[in-house]
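The exercises below are meant to be worked through with the sequence and the structure in view. Try each task before reading the solution that follows.

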Amino acid sequence: MSIGKIIKLSTIEKGYGFIVSKEKPCERIYFHWSNLLQNTLRFPKLKKGMYVEFEMRDTVDRGLRAYRIKVVEKPNETGTETVGISEG
């Protein structure tokens, strides 16, 4: 699993965004809200600057993609913890 930061979000209708990871800081990684793991977390609740943990795959025709995405607290030396997000 990789750790990254959300750098851009599209409109709610389109439901996608981009992440920058620690492993590849010069490359933007595409994601779609359907790849989020939390059932209570959907695209409108994501914000630019949030940290996420995800699996990264390099697709031949479309570049880097993020899968199995979950929001985490800001990373530190001891690791990360999942942020609890409640519906409201």
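Contact, as the word is used here, means heavy atoms within 4.5 Å. The model is predicted, and the last exercise returns to its confidence.

**Exercise 1. Find which residues Arg65 touches, leaving out those up to four places away in sequence.**

Solution. Begin by locating the residue: Arg65 is found in strand 5, which covers residues 63-72. Next, apply the contact cut-off and set aside residues up to four places away in sequence, which leaves Ile29, Tyr30, Glu55, Met56, Arg57 and Thr59 as the residues that Arg65 touches. Finally, consider a pair that is separated along the chain: Arg65 and His32 are 33 residues apart in sequence, while their C-alpha atoms are 8.8 Å apart in space.

**Exercise 2. Decide whether Arg65 is buried or exposed, and determine how far away the nearest side chain of opposite charge is.**

Solution. The relative accessibility of Arg65 is 13%, and because buried means under 20%, this residue counts as buried. The second step is to look for a partner of opposite charge, and the nearest such side chain, that of Asp61, is 6.2 Å away. A salt bridge requires a distance within 4 Å, and Arg65 has no salt bridge although it is buried.

**Exercise 3. Trace how strand 1 is joined to strand 2 and to strand 4, and name bridge partners.**

Solution. Take strand 4 (residues 51-59) to begin with: it runs antiparallel to strand 1 (residues 2-9), and four bridges join the two. Within this pairing, Ile3 has Glu53 as its bridge partner. Turn then to strand 2 (residues 16-21), which also runs antiparallel to strand 1 and is joined to it by five bridges. Here Ile6 stands opposite Ile19, and Leu9 stands opposite Gly17. The hairpin of strand 1 and strand 2 has six residues between the strands, and in it Gly15 takes a positive phi near 70°.

**Exercise 4. Work out how strand 2 continues to strand 3.**

Solution. Strand 2 and strand 3 (residues 28-32) pair in the antiparallel sense over five bridges, and they form a hairpin with six residues between them. In this pairing Gly17 stands opposite Phe31.

**Exercise 5. Find what average pLDDT the protein chain has, and where the pLDDT is below 50.**

Solution. The protein chain averages a pLDDT of 79, with 75% of the residues scoring at least 70. Over residues 80-88, however, the pLDDT is below 50, and this stretch has 21 contacts in the model beyond near neighbours in sequence.

Key: Residues numbered from 1 in each chain as written. Predicted model: local features only at pLDDT ≥ 70, side-chain atom pairs only at ≥ 80, totals over all residues. Heavy atoms only, no water. Buried < 20%, exposed > 50% of the residue type's maximum accessible area, 1.4 Å probe, protein only. Lys, Arg positive; Asp, Glu negative; His and termini not counted. Pairing = 2+ DSSP bridges. pLDDT = per-residue confidence, 0-100.
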